[in-house]
Amino acid sequence: MPEQIQLPRTLNEYYDRARESMSPQNRAYFLAGAGDGRTMSANESAFDHVSITPRMLRDLGGGSTETHLLGQRLASPFLIAPFAYHRLLDAAGEVATATGSQAQSIKMILSAQSSVDINTVRSAGDDCDWFQLYWMGSRQTTIELAQMAVAAGFGTLVLTVDAPVQGVRDREIEAGFELPHDVSAVNLARFSRPRFAPLEGTQSIVFDRIAHTLPTWDDVAWLIAQVQVPVLLKGILHPDDAARAQSIGAAGVVVSNHGGRVLDRAPATLDVLPAIVEKVGPDYPVLMDGGIRRGVDIFVALAMGAKAVLIGRPIVCGLAVAGDLGVSHVLRLLRDEFEVAMLLSGCATIDDIRRDMVHLKL
Ligand SMILES: Cc1cc2nc3c(=O)[nH]c(=O)nc-3n(C[C@H](O)[C@H](O)[C@H](O)COP(=O)(O)O)c2cc1C
């Protein structure tokens with residue numbers, strides 16, 4: 001008989017159980033932020049400053065959480081954010097996450113730093129058909145990675161632009177985090193990456209070695225023109241950058257600061273979201289992530305103008321506590337909470353969730 005797992009009952013219990021059960025190294029890698037963790041905390045606390053004014057006695061019959069994004073149907077307006085190395089948390093790794101997402105019909109974005117082969121993950125779940133990639137140091141290598149994902153059946157690409165170098169990860173350094181020898185970014189192994197000559201004297205690692213391999217808007221415009229599938233840019237925080245993404249043909253943007261893992265002191269995503277939506281207009285797909293811990297937070301992000309949101313660490317916790325079952329259960333709890341928030345606010349459909357229902361508290 002397989003051991004019976006007593007699943008946590010609430011999202012907060014998932015957090016507590018995950019935190020307790022993880023090794024100090026995994027806790028530092030998955031749950032901490034860059035630097036002093038200010039941006040990571042700001043993402044969460046931004047939601048504390050928003051209240052929702054509910055409406056009563058509306059007819060909610062026939063309502064649903066369904067929405068459409070880039071011509072695709074979403075059962076609920078949230079997706080699993082791309083995050084690296086799921087096999088650090090569960091032996092089946094990204095396959096477990098894809099199985100859990102499939103069980104709830106929620107889309108999963110597979111990270112370029114997946115620790116399981118891309119084709120294996122793709123066939124584990126119909127809903128895992130978005131792929132996140134990084135710039136790979138040159139146009140040639142980046143397009144090869146994009147083409148590999150499209151050939152594997154990923155119909156939407158998400159290019160992450162906010163992490164050209166890793167943030168300052170004090171917590172990981174202090175905990176001595178290192179990848180074990182049997183966990184790696186297996187899908188990137190066959191691509192050539194820039195090799196850097198040893199530093200000499202006072203040379204700078206960032207400016208003398210890395211900077212010339214980083215992409216510019218021209219490179220991203222080129223990539224978008226090369227591929228036949230929609231490309232979203234993830235990691236946008238300024239309205240002008242969102243407008244630039246729109247003008248070069250990006251299918252949408254993800255307002256994100258990488259969950260506070262890169263520039264510590266970047267603004268909370270919820271705080272910058274309304275100005276970005278204002279700039280690009282209500283019809284352009286603006287997604288957001290960072291700090292969403294409950295279904296009611298999804299409601300707030302949508303009211304502030306997001307078309308959908310990405311969920312990171314809550315999924316990390318589900319996977320850490322109970323593998324595919326934990327992922328599925330966390331998604332279910334988020335969806336149930338989101339539905340309750342809709343019902344209690346008097347919203348039958350996603351379109352009913354409007355800006356004038358939320359207010360900023362000082
Ligand atoms: C452990 C970890 C690894 C991540 N790896 C990636 C990645 O490989 N690619 C990427 O675009 N974003 C990555 N992210 C950022 C997430 O996609 C997302 O932006 C962030 O987790 C959202 O914030 P939240 O965790 O507060 O929900 C990672 C996040 C975490 C926590």
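**Close-up 1. Helix 12 and the glycine that comes after it.** Right behind helix 12 sits Gly305, and its phi is positive, near 120°. Keep in mind that this is a predicted model. Helix 12 itself is largely enclosed by the rest of the structure, since 8 of its 9 residues are buried. The buried ones are Gly295, Asp297, Ile298, Phe299, Val300, Ala301, Leu302 and Ala303.

**Close-up 2. The second largest pocket.** Gly305 turns up again here, as one of the residues closest to the centre of the second largest pocket, together with Pro282, Leu302, Lys307 and Ile353. The pocket has a volume of about 480 Å³, and 18 residues line it. Which parts of the fold supply at least two lining residues each? Strand 2 (67–69), helix 11 (269–280) and helix 12 (295–303) do. Helix 11 gives the largest share, with 3 residues. By type, the lining splits into 9 nonpolar, 4 polar and 5 charged residues.

**Close-up 3. Helix 4 and what covers it.** Look along helix 4 and you can pick out its buried residues: Glu94, Ala96, Thr97, Ala98, Gly100 and Ser101. What lies over them? The cover includes strand 4, strand 5 (109–110), helix 5 (118–124) and helix 13. As for what follows helix 4, that is Ser105, with a positive phi near 55°.

**Close-up 4. Two loop residues with positive phi.** Neither residue in this view is a glycine, yet Tyr85 has a positive phi of about 55° and Arg265 has one of about 105°. Tyr85 belongs to the loop between strand 4 (78–80) and helix 4 (94–103). You'll find Arg265 in the loop that runs between strand 9 (252–255) and helix 11. Buried or exposed: which word fits Tyr85? Tyr85 is buried, because its relative accessibility is 10% and the cut-off for buried is under 20%. Arg265 goes the other way: at 60% relative accessibility, Arg265 counts as exposed.

**Close-up 5. The largest nonpolar core, with Phe131 in view.** This core has 103 residues, and Phe131, Met288 and Val309 are those with the most contacts inside it. Helix 13 (residues 313–345) gives the most to this core, 15 residues. Apart from this core lies another one, of 12 residues, among them Leu79, Ala81, Ile109 and Trp130. So which residues does Phe131 touch, once those up to four places away in sequence are set aside? The list runs Ile109, Leu110, Ser111, Ala112, Ile118, Leu145, Ala149, Phe154, Thr156, Leu157 and Val158. Notice that Ile109, a member of the 12-residue core, is among the residues that Phe131 touches.

**Close-up 6. Met148 in helix 6.** Met148 sits in helix 6 (residues 139–151), and with a relative accessibility of 13% it counts as buried. Setting aside neighbours within four places in sequence, Met148 is in contact with Ile118, Asn187, Arg190 and Phe191. Ile118 is a residue you have already met, as a contact of Phe131. How far is Met148 from Gln102? In sequence the two are 46 residues apart, and in space 22 Å separates their C-alpha atoms.

**Close-up 7. Asn26 in helix 2.** Helix 2 (residues 24–31) is home to Asn26. Asn26 is a buried residue, with a relative accessible area of 11%. Which residues touch Asn26, leaving out those up to four places away in sequence? They are Leu31, Leu88, Leu89 and Phe177.

**Close-up 8. Cysteines without a bond.** How many disulfides does a search of the whole structure find? The count is 0. Take Cys317: the closest cysteine sulfur, in Cys128, is 20 Å from its own sulfur, so that pair is too far apart for a bond. For comparison, a disulfide needs the two sulfur atoms within 2.5 Å. Cys317 is also buried, at 0% relative accessibility. Cys347 counts as buried too, with a relative accessible area of 3%.

Key
Residues are numbered from 1 along each chain as its sequence is written. This is a predicted model: local features need pLDDT of at least 70, side-chain atom pairs count only at pLDDT 80 or more; totals for chains, interfaces and linings use all residues. Side-chain values use heavy atoms; hydrogens and water are left out. On a 1 Å grid over the protein atoms alone, a cavity is a set of points where a 1.4 Å probe fits but cannot get out, and a pocket is an open set with protein on both sides within 12 Å along at least five of seven lines; lining residues have an atom within 4 Å of a point. Grid points are joined across faces, edges and corners, and a volume is the space filled by probe spheres set on the points. Helices (H or I, at least four residues) and strands (E, at least two) are DSSP runs, numbered from the N terminus. Ala, Val, Leu, Ile, Met, Phe, Trp, Tyr, Cys and Pro count as nonpolar, Asp, Glu, Lys and Arg as charged, and the others, Gly among them, as polar. Buried means under 20% relative accessible area, exposed over 50%, partly exposed in between (1.4 Å probe, protein chains only). Contact means heavy atoms within 4.5 Å. A nonpolar core is a set of buried Ala, Val, Leu, Ile, Met, Phe, Trp, Tyr and Cys residues joined through side-chain atoms within 4.5 Å.
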